[in-house]
Amino acid sequence: VQLQASGGGLVQPGGSLRLSCAASRGIFSTMAWYRQAPGKQRELVASITSGGITNYADSVKGRFTVSRDNAKNSIYLQMYNLKTDDTAVYYCNTVPFVRNWWGQGTLVTVST
C-alpha cells in the first residue's frame with residue numbers, strides 16, 4: 001500500500017490548513033495522522049475508525065478534525081488555530097502503524 005500525504009505548507013500562527021492522504025487501495029482499519037517535529041519522536045495526532053469514531057491527542061483537541069472518505073480511499077485533517085508547536089512533518093498510516101507504509105509525509109510550518 002502507498003500512502004500519499006499532501007496539503008502542507010507555510011502558515012502563520014492562528015491560520016488553517018487541510019491535509020489529505022490518499023491510499024493506493026481501500027483500507028478498512030483505523031487510520032490516523034501522525035506527526036514528527038524536528039528532534040522529537042513521531043506522535044499520533046488524530047485517528048478515525050472505519051465507522052467514523054475519532055480520537056485526538058490532547059494538544060490538538062478542539063483545533064483539528066479528522067475525517068475519511070472510504071469511497072475515495074482517503075482521510076483528511078482539517079487544522080484550525082495552528083500554533084508554532086504544530087510545525088512538523090505529517091504522515092498518515094493505520095493504527096497500529098505498518099512500518100512499510102510510511103510515505104514521505106507533508107511538511108507543515110507554522111511561523112511568522
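This briefing walks through the fold, the core, the backbone oddities and two individual residues of the chain. The model is a predicted one. It's an all-strand affair, with ten strands and zero helices. At 112 residues, the chain has a radius of gyration of 13 Å, which agrees with the value near 13 Å for a compact globule of that length.

**Overall build**

- Reading from the N terminus, the elements simply go β-β-β-β-β-β-β-β-β-β.
- Put a box around the C-alpha atoms along the principal axes and you get roughly 40 × 25 × 20 Å.
- Of the contacts with a separation of 6 or more, 52% join residues 24 or more positions apart.

**Surface and charge**

- Buried residues account for 42% of the 112 in the chain.
- The accessible surface is about 6100 Å², and carbon and sulfur atoms own 48% of that.
- On the charge side, there are 11 positive and 5 negative side chains. The centres of those two sets sit 6 Å apart.

**The nonpolar core**

- The largest nonpolar core has 29 residues, and those with the most contacts inside it are Leu3, Trp33, Phe64, Leu77, Met79 and Tyr90.
- At least two core residues come from each of E1 (3–6), E3 (17–23), E4 (31–36), E5 (43–48), E7 (64–69), E8 (74–79), E9 (88–94) and E10 (106–110).
- Strand E3 gives the most, chipping in four residues.
- As background, nonpolar side chains tend to be buried together in soluble globular proteins.

**Backbone oddities in the loops**

- There's a cis peptide bond from Val95 to Pro96, with omega near -5°. Pro96 belongs to the loop between E9 and E10.
- Asn73 has a positive phi, near 50°, despite not being a glycine. You'll find Asn73 in the loop between E7 and E8, and it counts as partly exposed because its relative accessibility is 26%, between the 20% and 50% cut-offs.
- Asn81 is another non-glycine with a positive phi, this one about 45°. The loop between E8 and E9 holds Asn81, which is partly exposed at a relative accessible area of 41%.

**Tyr56, a strand residue**

- Tyr56 is part of strand E6, which covers residues 54–56.
- With a relative accessible area of 18%, Tyr56 counts as buried, since the cut-off is under 20%.
- Setting aside neighbours within four places in sequence, Tyr56 is in contact with Val45, Ala46, Lys61, Phe64, Thr65 and Val66. One of these partners, Phe64, also turns up among the core residues with the most contacts.
- Between Tyr56 and Val66 there are 8.6 Å from C-alpha to C-alpha, for a sequence separation of ten residues.

**Ser111, past the last strand**

- Ser111 sits in the segment after E10 and is partly exposed, at 34% relative accessibility.
- Not counting residues up to four places away in sequence, Ser111 touches Leu10, Val11, Gln12 and Pro13.
- Asp85 is 26 residues from Ser111 along the chain, and their C-alpha atoms are 9.6 Å apart.

Note on methods: Residues are numbered from 1 along each chain as its sequence is written. This is a predicted model: local features need pLDDT of at least 70, side-chain atom pairs count only at pLDDT 80 or more; totals for chains, interfaces and linings use all residues. Side-chain values use heavy atoms; hydrogens and water are left out. The radius of gyration is taken over C-alpha atoms; the globule rule is 2.2 Å times the number of residues to the power 0.38. Buried means under 20% relative accessible area, exposed over 50%, partly exposed in between (1.4 Å probe, protein chains only). Contact means heavy atoms within 4.5 Å. Accessible areas come from the Shrake-Rupley method with a 1.4 Å probe; for residues, only the protein chains shown count as cover. Lys and Arg count as positive and Asp and Glu as negative; His and the chain ends are not counted. The place of a charge is taken as NZ of Lys, CZ of Arg, CG of Asp or CD of Glu. A nonpolar core is a set of buried Ala, Val, Leu, Ile, Met, Phe, Trp, Tyr and Cys residues joined through side-chain atoms within 4.5 Å.
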